[in-house]
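This report introduces a single protein chain to a reader who has not met it before. It begins with a pocket and then turns to the chain as a whole, a helix and a sheet.

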Amino acid sequence: MLAAGPDMAAPSAALRQRRAAAGGGAPETPERAVARPAGSGAGLLPPPPGTFWLTRIVLLRSIALLYFVAFLVAYHQNKQLIGEKGLLPCKLYLQNVKKYFKGKINLDALSYAPTIIWFLDWSDMDSTLDYLSLFGLATSAFVLITGCANMVLMSALWVLYLSLVNVGQIWYSFGWESQLLETGFLGIFLCPLWTLSRLPQHTPPSSIVIWGFRWLIFRIMLGAGLIKIRGDRCWRELTCMDYHYETQPVPNPIAYFMHHSPWWFHRFETLVNHFIELVVPFFLFLGRRMCIIHGLLQILFQVLLIVSGNLSFLNWLTIVPSIACFDDASLAFLFGSRPGGLGERAGRLQHREPAGGQLPRGCYVRKVVNISFGLLIAYLSIPVVLNLLSSRQVMNTSFSPLRIVNTYGAFGSITKERTEVILQGTSSLDPNDPAAVWEEYDFKCKPGDLKRRPCFITPYHYRLDWLMWFAAFQTYEQNEWIIHLAGKLLAQEEETLSLMATNPFAGRAPPRWIRAEHFKYKFSRPGGKHASEGRWWIRKRIGPYFPPVNLQGLKKFYEDRNWPYPMRD
């Protein structure tokens with residue numbers, strides 16, 4: 001039978017004295033009575049409301065999972081994107097930063113691009129990037145599996161990912177990178193300094209840190225809601241969801257069917273979105289019960305977004321601060337009720353914490369650290385709050401290079417038509433020959449082949465595919481890396497080809513020419529003619545995106561940018 005509190009778990013003083021007299025032993029103290037196992041009459045102590053021992057374990061494991069995914073993406077793609085022969089080499093980027101600051105790695109250079117790569121070996125940048133990613137993978141896997149972390153491990157994860165983000169250039173320019181860094185920074189202060197234990201004694205999670213997570217989810221959701229209301233008029237007219245599923249960066253199969261939902265369902269979706277983002281965040285400040293309701297609604301909302309689109313690990317990451325809405329009493333079911341389990345031990349530990357007694361000196365140091373942390377977050381939040389209140393609100397912006405407190409938002413404007421850039425190669429000597437056969441390259445996940453089913457990859461993320469979505473409604477002059485990509489396809493560089501789903505020239509001579517064509521894409525209609533032919537998409541050519549280029553013709557283009565000239569493998 002579960003005990004309701006310490007008074008019910010401990011015998012009365014008179015009964016303790018009688019037992020001591022009968023048995024000849026010392027009187028049983030309340031602490032000893034609480035610690036007794038089930039079956040001895042004491043019962044199990046459930047974690048009381050308002051404590052966050054178990055919440056910390058869930059938060060740390062969730063943060064570690066997202067770090068693991070992020071480092072996995074980095075390990076698989078960094079060499080191709082920012083490595084020695086990457087599309088935008090980070091060594092060249094750091095050299096340019098160093099040159100800008102008079103050739104020195106000084107405080108200004110470190111402030112502009114905070115990364116430990118400044119102090120590492122640049123002679124083999126690919127290995128350096130791999131080592132950083134592998135160290136991050138190993139550390140995050142340890143925290144994920146064990147549920148144990150300290151400030152040292154969580155700080156290491158934060159520094160490692162910060163180091164990659166700050167050399168990642170356009171590939172790491174998305175809001176979820178800053179959001180992961182802010183979430184990871186909060187995670188540092190959940191932990192004791194050295195102790196590796198899921199339930200570290202005398203180190204309960206600080207309410208200041210818990211409110212730091214709640215402040216984060218409040219800003220994320222309210223920022224997303226305000227940017228929509230202030231942005232594209234379709235959010236105010238409740239018509240944005242008519243387009244979103246089809247025009248989002250990387251649709252999945254469920255988005256195909258959601259797009260064809262009735263018009264009234266799309267209006268209802270938009271209203272629900274406004275309610276979740278503009279009203280529900282204020283539930284955080286209305287007491288424990290409303291805070292829990294807030295957490296449930298936000299998690300459900302993010303799950304629906306995960307199901308209906310491949311938005312990297314953004315929605316998974318947004319679930320994490322919502323976990324701070326739940327205390328130990330509401331999360332105890334995740335840990336079971338067996339004697340000696342984490343749930344029972346957390347309840348016992350909370351009742352053992354001395355009330356007004358002497359605490360170790362480290363506890364007082366930690367209180368000072370937590371208060372300092374709260375003051376830092378409050379100070380860094382000033383420009384963020386001013387941005388939220390501004391009619392010229394900007395989203396996904398950091399006001400400091402360490403990205404500790406940031407602005408967030410998503411889909412402030414909605415594209416009404418989907419356009420795609422399709423890369424094509426030919427072996428023809430003359431690219432203008434009407435008889436030239438142009439063969440298409442398919443990317444891992446972005447739409448291309450009309451009969452290929454949309455992918456489902458979240459929380460994993462293909463950075464090149466995502467940037468191709470942006471390139472489609474810009475020009476190649478605004479995205480010079482796409483010409484770099486064309487050159488590497490002309491050279492058939494194996495590392496670059498690993499970013500592609502298909503190579504039409506595999507097993508034969510490389511193409512002589514590469515060009516990019518611009519197409520308008522639309523979902524086919526379920527049950528319609530195109531769908532019956534196995535097509536998920538229909539498309540119409542808009543025109544050329546960039547003209548045919550060959551390797552020799554790109555030589556000066558590469559030299560002007562100090563890019564390594566592609567060599568055929």
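In this predicted model, the largest pocket is lined by 48 residues. Those that lie nearest its centre are Lys228, His244, Leu311, Ala410 and Phe411. Several helices contribute two or more residues to this lining, namely α9 (175-188), α10 (207-230), α12 (241-247), α13 (253-259), α14 (263-279), α15 (288-307), α16 (314-322) and α20 (463-472). Of the elements that line the largest pocket, α14 gives the most, with six residues. The volume of the largest pocket is about 1100 Å³. By residue class, its lining divides into 29 nonpolar, 16 polar and three charged residues.

The protein chain that holds this pocket has 569 residues, and its secondary structure comprises 24 helices and four strands. Overall values for the chain are set out below.

| Property of the protein chain | Value |
|---|---|
| Span of the C-alpha trace along the principal axes | about 105 × 60 × 50 Å |
| Exposed area | about 25400 Å² |
| Share of the exposed area supplied by carbon and sulfur atoms | 62% |
| Share of residues that are buried | 54% |
| Share of contacts between residues at least 6 apart in sequence that join residues at least 24 apart | 75% |

One of the helices that contribute to the pocket lining, α20, is mostly covered, since nine of its ten residues are buried. The buried residues of α20 are Arg463, Leu464, Asp465, Trp466, Leu467, Met468, Trp469, Ala471 and Ala472. As a general point, an α-helix has 3.6 residues a turn, so residues three or four places apart point the same way.

The strands form an open sheet of four, in the order β2-β1-β3-β4, with antiparallel pairing. Because β2 (439-440) and β4 (537-549) stand at the edges and each has a single partner strand, one side of each is left without a neighbour in the sheet. Within the sheet, β1 (residues 418-426) runs antiparallel to β3 (residues 513-523), and nine bridges join the two strands. At one position of this pairing, isoleucine 422 has glutamate 517 in β3 as its bridge partner.

Taken together, the predicted model shows a chain of 24 helices and four strands, with a largest pocket to which α14 gives the most lining residues and an open sheet with β2 and β4 at its edges.

Terms used: Residues are numbered from 1 along each chain as its sequence is written. This is a predicted model: local features need pLDDT of at least 70, side-chain atom pairs count only at pLDDT 80 or more; totals for chains, interfaces and linings use all residues. Side-chain values use heavy atoms; hydrogens and water are left out. On a 1 Å grid over the protein atoms alone, a cavity is a set of points where a 1.4 Å probe fits but cannot get out, and a pocket is an open set with protein on both sides within 12 Å along at least five of seven lines; lining residues have an atom within 4 Å of a point. Grid points are joined across faces, edges and corners, and a volume is the space filled by probe spheres set on the points. Ala, Val, Leu, Ile, Met, Phe, Trp, Tyr, Cys and Pro count as nonpolar, Asp, Glu, Lys and Arg as charged, and the others, Gly among them, as polar. Buried means under 20% relative accessible area, exposed over 50%, partly exposed in between (1.4 Å probe, protein chains only). Contact means heavy atoms within 4.5 Å. Accessible areas come from the Shrake-Rupley method with a 1.4 Å probe; for residues, only the protein chains shown count as cover. Two strands pair if DSSP finds at least two bridges between them.
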